[in-house]
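Reader: I'd like to learn how to read protein–DNA contacts and cysteine pairs from coordinates. Could you walk me through them?

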Number of protein chains: 2
Amino acid sequence: MATSPGSEQLLRSAQLRVTRPRMAVLDAVHDHPHADTEQIIASVRTRLGDVSHQAVYDVLRALTSNGLVRRIQPSNSVARYEARVGDNHHHVVCRACGSIADVDCAVGETPCLTANDDHGFTIDEAEVIYWGTCPACAASSAPSS
Amino acid sequence: MATSPGSEQLLRSAQLRVTRPRMAVLDAVHDHPHADTEQIIASVRTRLGDVSHQAVYDVLRALTSNGLVRRIQPSNSVARYEARVGDNHHHVVCRACGSIADVDCAVGETPCLTANDDHGFTIDEAEVIYWGTCPACAASSAPSS
DNA sequence: CGACCAATCTTGACTCGTTCAAGTTTGTGG
DNA sequence: CCACAAACTTGAACGAGTCAAGATTGGTCG
């Protein structure tokens with residue numbers, strides 16, 4: 001749970017200043033994949049004491065735009081963040097409770113990245129969200145059969 | 001631009017009451033693919049005069065949950081709606097201006113619908129969003145080369 | 001055809017995730 | 001060690017969407 005030594009290196013390599021809030025946010029995202037901003041703020045405050053929510057929003061934006069964390073936001077959900085970046089994985093989202101799990105696409109390294117007709121767009125990423133029901137929700141809503 | 005005759009049938013077949021706001025919203029979504037709620041409200045008011053925004057929100061929810069329209073919401077965007085349903089198509093979104101175009105996936109009818117490890121989730125849909133740059137934005141940001 | 005009732009619509013307030021703005025603090029290069 | 005821009009704090013504001021209470025209205029049944 002302590003600040004991981006790699007965080008500082010990660011920040012420096014992205015040309016970002018190394019500050020305590022940034023280290024804490026980076027560690028929080030590593031420790032809690034798919035956490036939303038509120039959860040990250042709570043985690044950061046556990047480590048550092050008072051940190052403004054604005055600081056966390058700023059840090060998350062800086063980390064996201066520098067590729068150190070990835071932001072995901074399924075429909076009907078607030079923004080969530082994760083530390084797995086650059087490995088082309090996707091997500092399953094439960095329609096009932098909103099829980100998220102990672103999945104690696106079955107079709108290879110860059111699945112679906114070629115569209116039939118791209119309308120002239122230059123495509124650089126294919127984001128896949130699988131919608132369904134998680135085991136817990138399936139169990140609680142299913143009849144006894 | 002007049003209310004299409006099919007709208008009424010569509011509503012009745014979904015067990016929904018046929019009202020003027022619903023017809024107008026359905027037509028608006030047909031006429032303006034990927035429109036957001038504000039645009040739909042404007043379009044509906046052009047046809048009917050005053051209609052409350054709450055009515056439009058209610059109608060869109062009813063239509064969405066009955067499968068008559070599809071709701072999409074890319075990150076950093078408000079909710080958008082379209083009338084193409086049930087044909088498994090996906091979307092390209094421009095990172096710069098947010099414009100959206102339809103694409104049919106190259107990999108077949110239900111691309112990527114099988115994940116390697118689904119973590120026990122029951123998957124019923126795979127939503128794909130291609131991120132990139134639209135022709136207009138590519139042209140305006142590129143050097144003269 | 002007319003009345004009833006639940007579904008739908010109107011009005012208006014409100015929530016909450018996120019952003020904006022101004023001023024203070026702090027990391028980093030020189 | 002200093003200076004300065006980047007980063008943080010504080011507090012207000014924004015806006016898409018939701019909630020709630022009461023008025024209308026579509027559809028059904030007698």
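Author: Let's start with DNA strand D: of its atoms within 4 Å of the protein, 63% are sugar or phosphate atoms, and the rest belong to bases. Bear in mind that this is a predicted model, where local features need pLDDT of at least 70 and side-chain atom pairs pLDDT 80 or more, while totals for chains, interfaces and linings use all residues. Residues are numbered from 1 along each chain as written, chains are lettered from A and ligands numbered from 1 in written order, and side-chain values use heavy atoms, without hydrogens or water.

Reader: Which residues come nearest to DNA strand D?

Author: A residue is near a strand if one of its heavy atoms lies within 4 Å of it. Here 20 residues are around DNA strand D, and Thr19(A), Arg22(A), Ser52(A), Ala55(A) and Gln54(B) come nearest. That surface divides into 8 nonpolar, 7 polar and 5 charged residues (Ala, Val, Leu, Ile, Met, Phe, Trp, Tyr, Cys and Pro are nonpolar; Asp, Glu, Lys and Arg are charged; the others, Gly among them, are polar).

Reader: How do I read a polar contact?

Author: Look for a pair of N or O atoms within 3.5 Å; within protein, one must be able to donate a hydrogen and the other to accept it, and sequence-adjacent residues count only if both atoms are side-chain atoms. In this model, Arg12(B) puts a polar side-chain atom 3.2 Å from a phosphate oxygen of DNA strand D. Bases are contacted too: a base nitrogen of the strand is 2.6 Å from a side-chain N or O atom of Gln54(B), and another such pair, with Arg17(B), is at 3.1 Å.

Reader: What about DNA strand C?

Author: Gln54(A) has a side-chain N or O atom 2.5 Å from a base nitrogen of DNA strand C, and Thr19(B) has one 2.7 Å from a phosphate oxygen of that strand.

Reader: How many disulfides does a search of the whole structure find?

Author: A disulfide needs two cysteine sulfur atoms within 2.5 Å. The search finds 0 over all chains. Take Cys97(A): its closest cysteine sulfur, in Cys137(A), is 3.7 Å away, so it is too far for a bond. For Cys134(B), the closest is the sulfur of Cys137(B) at 3.6 Å, also too far.

Reader: Is Cys134(B) buried or exposed?

Author: Buried means under 20% relative accessible area, exposed over 50%, and partly exposed in between, using a 1.4 Å probe and protein chains only. Cys134(B) is buried at 5%, whereas Cys97(A) is partly exposed at 45%.
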